[in-house]
Every structure is written in structure tokens, then in C-alpha cells.
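Let's take a walk through this structure together. Have the sequence and the 3D view ready, and follow along strand by strand.

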Amino acid sequence: MEEFSLNQLIHLLPEYFQPERAAGLDVTVQVNLTGEKGGEWIVTIQNQTCTVVDGKIETPTLTVEAPAEDILDII
């Protein structure tokens, strides 16, 4: 089985996004994962599309914070 980095997995979100389930949503999610394999990403869901960019936004709709290792264990 191929092993993916957390960054690769986060950037796969738009590929698995289900636009029909996001009708009417307009949200920006700040994802902050701590630790050696962590990082910061901005996930935007708007107009039934999903985009992911590296970085940080000052006023997200929602912030998700967790240790990167915990997220990798869940995945």
C-alpha cells in the first residue's frame, strides 16, 4: 500500500468532495495540524466547489486543530 503524506491527503479533498451535498454552503475551514508532519491549510467550500491551499486565514468560519499523528492514525 502506498503511503501518503498528510499534505497530499489534505490536497486530495477536492477530488472526493461531493458538490451535491454542499448546496448553500459558504465556509472557510482553517486546518491546523501540529507536530512533525503537521501544517496549516485553508479549505474553502463555496458555490458547490472545494479548494485547498496551504496557509492560514485570519477569520475562518471554522478552525480544526489536532496533532498530525492523531489524524494520520484515524485515516
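Start at the turn: in the hairpin of β1 and β2, which has 4 residues between the strands, Gly 35 takes a positive phi near 105°. Before going further, a word on what you're looking at: this is a predicted model, where local features need pLDDT of at least 70, side-chain atom pairs count only at pLDDT 80 or more, and totals for chains, interfaces and linings use all residues. Residues are numbered from 1 along each chain as its sequence is written, and side-chain values use heavy atoms, with hydrogens and water left out.

Now look at the two arms of that hairpin. Strand β1 covers residues 26-34 and strand β2 covers residues 39-46; they run antiparallel, joined by 8 bridges. (Strands are DSSP runs of E, at least two residues, numbered from the N terminus; two of them pair if DSSP finds at least two bridges between them.) You can pick out some of the bridge partners across the hairpin: Thr 28 has Thr 44 in β2, and Gln 30 has Ile 42.

β1 has another partner too. It pairs with strand β4 (residues 62-67) in the parallel sense, over 6 bridges. Here Thr 34 is matched with Pro 67 of β4.

Step back and you'll see an open sheet of 4 strands, in the order β3-β2-β1-β4, with mixed pairing. Its edge strands are β3 (49-54) and β4, each pairing on one side only. Neighbouring strands of this sheet are turned by 20° against each other on average, direction ignored (the axes are lines fitted to C-alpha atoms, and angles run from 0 to 180 degrees between N-to-C directions).

Let's zoom in on β1, where Gln 30 lies. Is Gln 30 buried or exposed? It counts as buried, because its relative accessibility is 2% (buried means under 20% relative accessible area, exposed over 50%, partly exposed in between, with a 1.4 Å probe and protein chains only). Beyond four places in sequence, Gln 30 touches residues including Trp 41, Ile 42, Ile 57 and Leu 62 (contact means heavy atoms within 4.5 Å). A polar atom of its side chain also lies 3.3 Å from the backbone oxygen of Trp 41.

Asn 32 is found in β1 as well. With 10% relative accessibility, Asn 32 counts as buried. The side chains of Asn 32 and Gln 30 are joined by a polar contact of 2.9 Å (a pair of N or O atoms within 3.5 Å; within protein, one must be able to donate a hydrogen and the other to accept it, and residues adjacent in sequence count only if both atoms are side-chain atoms).
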